[in-house]
Amino acid sequence: MGLEEKRVIKKLQEEVLPRYHDELAALAGREIPVTVAWESFSEDLRAMKFFENQGLKYMVSAVKAVCKDDIGREAVNKGLKEIKFVNLDDPAGCGVTFAGGVVLVKGSWAKAGYPQEGDIRKAIENGL
């Protein structure tokens, strides 16, 4: 991992992710751990640069859509335990799953392969 990649990851970890974490907590009424497999991004600067807009923002939008009413907020509060993100080299493996209270988003952000907001919302709704 080069210097630029280290800087971008540090900014994502210390500045960007906390903002989205706080927004998710406000939507759910409690903290939801967000885990990013940073090592999967370590050599992929392009993926790092797209991750915020097509990963974190899509997740917040999806959770916001699910939490549009008291029923959705309560379901998310009780059933959504953790959110995980992994970057893949091959877009063919991209997708979103929700099992055991964990949303797993697999994307290939450098190669325009990632779940859309609607895909994430549907996975959450179907899992709750």
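1. Helix 2 and helix 4. In this predicted model, helix 2 and helix 4 pack with their axes 8 Å apart and at an angle of about 45°. The two helices are therefore oblique to each other, and their crossing is right-handed. On the helix 2 side the contact is made by Tyr-58, Met-59, Ser-61, Ala-62, Val-63, Ala-65 and Val-66. Helix 4 contributes Glu-117, Ile-120, Arg-121, Ile-124 and Glu-125.

2. Helix 1 and helix 2. Helix 2 also packs against helix 1: the two axes come within 11 Å and cross at roughly 0°. Because angles under 35 degrees count as roughly parallel, helix 1 and helix 2 are described as roughly parallel to each other. The residues of helix 1 in this contact include Val-8, Ile-9, Leu-12, Val-16, Tyr-20, Leu-24 and Leu-27. Charged residues of helix 1 take part as well, among them Glu-4, Glu-5, Arg-19 and Glu-23. From helix 2 the contact includes Leu-45, Met-48, Leu-56, Met-59, Val-60 and Val-63, along with Lys-49, Glu-52, Lys-57 and Lys-64. Met-59 and Val-63 are named in this contact and also in the contact of helix 2 with helix 4.

3. The nonpolar core. Nonpolar side chains tend to be buried together in soluble globular proteins. Here the largest nonpolar core has 39 residues, and Met-59, Val-63, Ile-83, Phe-85 and Val-103 touch the most other members. Two or more residues are given to this core by each of helix 1, strand 1, helix 2, strand 2, strand 3, strand 4 and helix 4. Helix 2 supplies the largest share, eleven residues.

4. Phe-85. This core residue deserves a separate look. Apart from neighbours within four places in sequence, Phe-85 is in contact with Val-34, Thr-35, Val-36 and Ala-37. Its other contacts are Phe-51, Gly-55, Leu-56, Met-59, Val-105 and Trp-109.

5. Aromatic pairs. How many aromatic pairs does a search of the whole structure find? The count is eight. One of them joins Trp-38 and Phe-51, edge-to-face, at 6.3 Å centre to centre and with 80° between the planes. Trp-38 lies in the loop between strand 1 and helix 2, whereas Phe-51 lies in helix 2, so this pair ties together parts that are 13 residues apart in sequence. Trp-38 counts as buried at 15% relative accessibility, and Phe-51 counts as buried at 0%.

6. From Phe-51 to Trp-109. Phe-51 forms another edge-to-face pair, this one with Trp-109, at 5.2 Å centre to centre and 85° between the planes. The pair links distant parts of the chain, 58 residues apart: Phe-51 is in helix 2, and Trp-109 is in the loop between strand 4 and helix 4. Both Phe-51 and Trp-109 are buried. Ring pairs link these two residues with Trp-38, Phe-41 and Phe-85 into a cluster.

7. Ala-112. The loop between strand 4 and helix 4 also holds Ala-112. Most residues other than glycine have a negative phi. Phi of Ala-112, however, is near 55°, a positive value in a residue other than glycine. Is Ala-112 buried or exposed? At 62% relative accessibility, Ala-112 counts as exposed.

8. Val-86. Val-86 belongs to strand 2 and counts as partly exposed, with 24% relative accessibility. Not counting residues up to four places away in sequence, Val-86 touches Ala-37, Ser-40, Leu-104, Val-105, Lys-106, Gly-107 and Trp-109. Its C-alpha is 14 Å from that of Arg-46, a residue 40 places away in sequence.

9. Gly-101. Which residues does Gly-101 contact, leaving aside neighbours within four places in sequence? They are Gly-79, Leu-80, Lys-81 and Glu-82. Gly-101 sits in the loop between strand 3 and strand 4. With a relative accessible area of 9%, Gly-101 is buried. Gly-101 and Ile-83 are 18 residues apart in sequence and 8.6 Å apart in space, C-alpha to C-alpha.

10. Asp-22. Asp-22 is part of helix 1 and, at 52% relative accessibility, counts as exposed. The C-alpha atoms of Asp-22 and Ile-32 are separated by 9.0 Å, with the two residues ten apart along the chain.

Methods
Residues numbered from 1 in each chain as written. Predicted model: local features only at pLDDT ≥ 70, side-chain atom pairs only at ≥ 80, totals over all residues. Heavy atoms only, no water. Phe/Tyr/Trp six-rings, centres within 6.5 Å; stacked < 30°, edge-to-face > 60°. Helix = DSSP H or I, 4+ residues; strand = E, 2+ residues; numbered from the N terminus. Buried < 20%, exposed > 50% of the residue type's maximum accessible area, 1.4 Å probe, protein only. Core = buried A, V, L, I, M, F, W, Y, C linked by side-chain atoms within 4.5 Å. Contact = heavy atoms within 4.5 Å. Axes fitted to C-alpha atoms, helices over the stretch in contact; angles between N-to-C directions. Parallel < 35°, antiparallel > 145°, perpendicular 65-115°, else oblique. Left-handed = near helix turned anticlockwise from the far one by under 90°.
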